[in-house]
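Welcome to a short tour of a protein model. Take a moment to turn the structure around on your screen, and then let us walk through some of its features together.

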Amino acid sequence: MKTLTITRPDDCHLHVRNGAILKTVLPHTARQFARAIIMPNLKPPVTTVAQALAYRNEILQAIPEGVNFTPLMTLYLTAATTLEEIKRAAECEHVYAFKLYPAGATTNSDAGVADVTKIYPLLAALEKYDLPLLIHGEVTDEDCDIFDRERVFIERYLIDIVKNFPALRIVLEHATTKEAVEFVTSASNKIAATITPQHLLFNRNAILAGGIKPHYYCLPILKRETHRQALINAAISGNPKFFLGTDSAPHLTHLKENACGCAGCYSAFAALELYAQAFEQANSLDKLEGFASFYGADFYGLPRNVEKVTLEKTDWTVPASYDKITPLKSTEILYWKMV
Ligand code: DOR
Ligand code: ZN
């Protein structure tokens, strides 16, 4: 049987929620990944070090016995974030970054930043303390076409942020467009991007052709095929600016199969298998390890993991649901399986 053994990976962009959902989803991630950058968009958002530490404890409780997993915490940046809080975060060994959500861009982003230029003093502090800024890069103007929101964010805000804060480490999270790939590729080595499995595997037809498929709806929304091709080329390029971040974002099935369905794809149950499928389709399985296990750790200044994980080439059928959460590709066949 064909197998693939790589260094145990890290997920550099993950939503695990809290409460009951956390208990369902965290074991899936902890089985595959050694570490994950944990998104702070809870209700209420994780805006302080004290909240991040409490959330970290809740996550630690959900790790199955005998499993090694380290949550890497982030804080939610708001217009009310103080310079003192940024200093506290810089001094806290468990906090790794701040997350910038434009207000209204996505799930639980109401507390996000309405005008990015107004928080430049906070970005200066992040730069000073060398704390990475993780960006949900989409504008939220109602008159901006939803398929253009990432490109316009780069033009309107990101170019200026990068110019004004040349030493600030930035991750353009869940890159979805050719323009994002081009921007990150040509920027300094302080600028990186994560790429999700769904944006590597699917284009927007997956949501909209042959009936509306809410489990393929996430933000930034899937784009047209040319953009998917650009993302594949970035992921398999061996360029360390592009690394794995699943953006696995669980929502209860009835909240996605809804007249106003939530954004987010649940992929943690088989994240590595989904990426393996995308890399194999591009004849580049040999490039998966760098993308999944090395470049994210390098960007965050973390030691690379030493354990290994093995995938087998075996067909298996994705369950219809995991505790009321419908996984990506539910009831369909995946071709790789983690041993
Ligand atoms: O699809 C998404 N879901 N995109 C995000 O940016 C947030 C996430 C969530 O938290 O559900
Ligand atoms: Zn996310």
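## Bends, helices and hollows

Pro44 sits in the loop that runs between strand 3 and helix 2. The peptide bond joining Lys43 to Pro44 is cis, with an omega of about -5 degrees. As you read on, keep in mind that this is a predicted model. Another cis bond leads from Leu219 to Pro220, where omega is near -5 degrees. Pro220 belongs to the loop between helix 8 and helix 9.

Two further loop residues have an unusual feature to look at: their backbone angle phi. Arg17 has a positive phi although it is not glycine, and so does Asp323. The table puts them side by side.

| Residue | Phi | Loop | Relative accessible area |
|---|---|---|---|
| Arg17 | near 60 degrees | between strand 2 and helix 1 | 12%, buried |
| Asp323 | near 45 degrees | between strand 10 and strand 11 | 56%, exposed |

Now for the helices. Where does helix 1 kink? The kink, about 30 degrees, lies at Val25, shortly before the proline Pro27. Helix 1 covers residues 19-32, and its buried residues include Ile21, Leu22, Val25, Leu26 and His28. The buried residues of this helix pack against several elements, among them strand 2 (10-14), helix 2 (49-61) and strand 11 (333-338). In general, an α-helix has 3.6 residues a turn, so residues three or four places apart point the same way.

Helix 9, residues 225-235, has buried residues too: His227, Arg228, Ala230, Leu231, Ile232, Ala234 and Ala235. Their cover includes helix 6 (178-186), strand 9 (242-244) and helix 12 (288-300).

Next come the empty spaces. The model has three cavities of 30 Å³ or more. The largest cavity holds about 110 Å³ of space. Its lining is made of 16 residues, and His15, Thr106, Thr107, Asp247 and Ala249 lie nearest the centre. By class, that lining has four nonpolar, nine polar and three charged residues.

The largest pocket has a volume of about 650 Å³. Its lining counts 29 residues, with Leu255, Cys260, Gly261, Cys262 and Ala263 nearest the centre. Of the lining residues, 17 are nonpolar, nine polar and three charged. Helix 8 (205-208) and helix 10 (253-256) each supply at least two of them. Helix 10 is also the place of His254, which is exposed, with a relative accessible area of 51%. The C-alpha atom of His254 is separated by 39 Å from that of Met1, 253 residues away along the chain.

Finally, let us look at the cysteines. A disulfide is a covalent bond between the sulfur atoms of two cysteines. How many disulfides does the model have? The count is zero. Why does Cys262 have no bond to Cys260? The sulfur of Cys260 is the closest cysteine sulfur to that of Cys262, but the two are 7.5 Å apart, which is too far for a bond. Cys262 is partly exposed, at 24% relative accessibility. For Cys265, the closest cysteine sulfur belongs to Cys218 and is 4.2 Å away. A disulfide needs the two sulfur atoms within 2.5 Å, so this pair is too far apart as well. Cys265 is buried, with a relative accessible area of 1%.

Definitions and conventions
Residues are numbered from 1 along each chain as its sequence is written. Chains are lettered from A and ligands numbered from 1 in the order in which they are written. This is a predicted model: local features need pLDDT of at least 70, side-chain atom pairs count only at pLDDT 80 or more; totals for chains, interfaces and linings use all residues. Side-chain values use heavy atoms; hydrogens and water are left out. On a 1 Å grid over the protein atoms alone, a cavity is a set of points where a 1.4 Å probe fits but cannot get out, and a pocket is an open set with protein on both sides within 12 Å along at least five of seven lines; lining residues have an atom within 4 Å of a point. Grid points are joined across faces, edges and corners, and a volume is the space filled by probe spheres set on the points. Ala, Val, Leu, Ile, Met, Phe, Trp, Tyr, Cys and Pro count as nonpolar, Asp, Glu, Lys and Arg as charged, and the others, Gly among them, as polar. The bend at a residue is the angle between axes fitted to the seven residues ending there and the seven starting there. Helices (H or I, at least four residues) and strands (E, at least two) are DSSP runs, numbered from the N terminus. Buried means under 20% relative accessible area, exposed over 50%, partly exposed in between (1.4 Å probe, protein chains only). Contact means heavy atoms within 4.5 Å.
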